[in-house]
Amino acid sequence: MKILGIETSCDETSVAVYQAGRGIIAHRIYSQVALHAEYGGVVPELASRDHVRKLLPLLASVLKEAGIGEDGPAAGRELDGVAYTAGPGLAGALLVGAALGRSLAWAWGVPAVPVHHMEAHLMAPLLEARRPAFPFLALLVSGGHTMLVAVERPGDYRVLGETLDDAVGEAFDKTASLLGLPYPGGPALEKLAARGRPGRFDFPRPMVDRPGLEFSFSGLKTHAATSIRDHVAGDSESDRADVACAFQDAVTDTLAIKCRRALRQTGLRRLVIAGGVGANRALRARLQEMADAEGVELYYPRLEYCTDNGAMVALAGCLRFAAGARAGAGFDVRARWPLAELEPITFDVNSLLPA
Ligand code: KG4
Ligand code: ZN
């Protein structure tokens with residue numbers, strides 16, 4: 001079984017093919033970062049237009065890489081379904097992927113399968129040879145979301161805690177911007193922080209002294225702004241690096257404390273990091289340290305499967321296709337779509353993963 005996956009929920013255009021029992025056989029990502037950089041953030045209308053421009057050329061190269069449709073345009077005979085991200089995300093951007101996905105499925109005579117973007121992030125670790133068994137605890141950290149999720153099985157998600165204000169990625173991006181770093185700030189701030197002196201500034205760990213698994217990151221951004229105003233001399237690189245380092249330490253420490261609390265509360269023994277901020281090496285190291293101390297196994301996908309990508313959409317689409325999910329007759333994408341609305345997948349998904 002081969003499923004095409006299309007991702008256009010934000011500023012990455014990506015297409016992939018997942019083959020059941022084998023894994024990803026073709027994958028391309030086009031990042032719009034350069035387009036949005038001069039505006040300091042994603043401009044939704046520009047994102048939609050760029051998806052329109054890039055999606056068909058990406059599709060052509062992915063089909064070629066997968067060796068699909070080489071004998072002519074009847075690619076559908078070699079594909080079993082077309083999955084696309086139907087939400088949550090930017091409505092206009094989602095519509096571009098949905099329009100192409102639905103049209104291809106119709107033209108090729110195969111089912112179209114809507115995919116939940118966060119479910120795709122949660123399933124991304126299954127793309128790796130060293131993958132977690134179920135159940136596991138997932139820390140989902142991206143530009144739009146910060147959640148702790150108990151994953152009983154695919155589709156069975158219990159959100160244990162979320163952010164009350166900024167998502168972690170958003171806090172990285174905003175703090176990076178205060179430090180004069182280019183968009184997207186997360187990777188740039190990580191680089192700068194690596195040159196900082198740990199301990200020069202001491203940032204608070206928000207909400208760790210209260211019970212519960214909620215997060216709040218907007219205060220850290222304010223703390224960074226105050227530190228910059230009071231202590232950064234001119235455009236001193238080393239002062240800015242110290243602030244970046246203190247901010248990153250506070251974020252990674254806070255996430256590790258909440259993950260440990262959630263592991264202890266649920267009794268889960270596996271922790272998965274998913275979402276764009278999962279690319280942060282300091283976060284991975286901090287969580288590894290905590291997991292080792294707790295005797296818990298830590299899993300995370302490779303960097304290109306952490307940030308938005310079509311591979312995770314093709315995999316989640318394959319699981320949903322096998323579970324019988326099909327797009328309705330309407331043309332619907334959902335800018336908002338709570339994870340809890342998804343149906344649990346009851347069959348053993350290992351049969352669709354590489355042996
Ligand atoms: O999952 P993702 O690609 O898109 C969303 O669904 O939001 O996450 C993007 C977010 C951005 O805020 C970006 O700054 C952040 O992930 N990010 C990082 C790193 N790489 C990406 N944050 C911190 N350190 C990184 N290395
Ligand atoms: Zn994402």
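## Basis of the description

A residue is taken to be near a molecule if one of its heavy atoms lies within 4 Å of it. The structure is a predicted model, in which local features need pLDDT of at least 70 and side-chain atom pairs count only at pLDDT 80 or more, while totals for chains, interfaces and linings use all residues. Residues are numbered from 1 along each chain as its sequence is written, chains are lettered from A and ligands numbered from 1 in the order in which they are written, and side-chain values use heavy atoms, with hydrogens and water left out.

## Surroundings of ligand 1

Around ligand 1 there are 18 residues, of which Gly 143, Asp 173, Glu 190, Gly 276 and Asn 280 come nearest. By class, this shell divides into 4 nonpolar, 11 polar and 3 charged residues, where Ala, Val, Leu, Ile, Met, Phe, Trp, Tyr, Cys and Pro count as nonpolar, Asp, Glu, Lys and Arg as charged, and the others, Gly among them, as polar. At least two residues of the shell are supplied by each of helix H4 (117-123), helix H5 (168-178) and helix H6 (185-193); helices here are DSSP runs of H or I with at least four residues, strands are runs of E with at least two, and both are numbered from the N terminus.

A polar side-chain atom of Asn 280 lies 3.0 Å from a nitrogen atom of ligand 1, whereas oxygen atoms of the ligand lie 3.2 Å from a backbone N or O atom of Gly 169 and 3.1 Å from a backbone N or O atom of Asp 308. Of the 550 Å² of accessible area that ligand 1 has on its own, the protein covers 88%, as computed by the Shrake-Rupley method with a 1.4 Å probe.

## Thr 163

Thr 163 lies in the loop between strand S8 (156-162) and H5, and its side chain reaches the backbone oxygen of Asp 166 at 2.7 Å. Beyond its neighbours within four places in sequence, Thr 163 is in contact (heavy atoms within 4.5 Å) with Thr 146, Phe 215, Ser 216 and Phe 217.

## Ser 48

Ser 48 has its place in helix H2 (residues 44-65) and counts as buried because its relative accessibility is 11%, the cut-off for buried being under 20% relative accessible area with a 1.4 Å probe and protein chains only. Leaving aside neighbours within four places in sequence, Ser 48 is in contact with Gly 92, Ala 93 and Val 96.

Note on methods:
Polar contact = N/O pair within 3.5 Å; in protein donor to acceptor, adjacent residues only side chain to side chain. Buried < 20%, exposed > 50% of the residue type's maximum accessible area, 1.4 Å probe, protein only.
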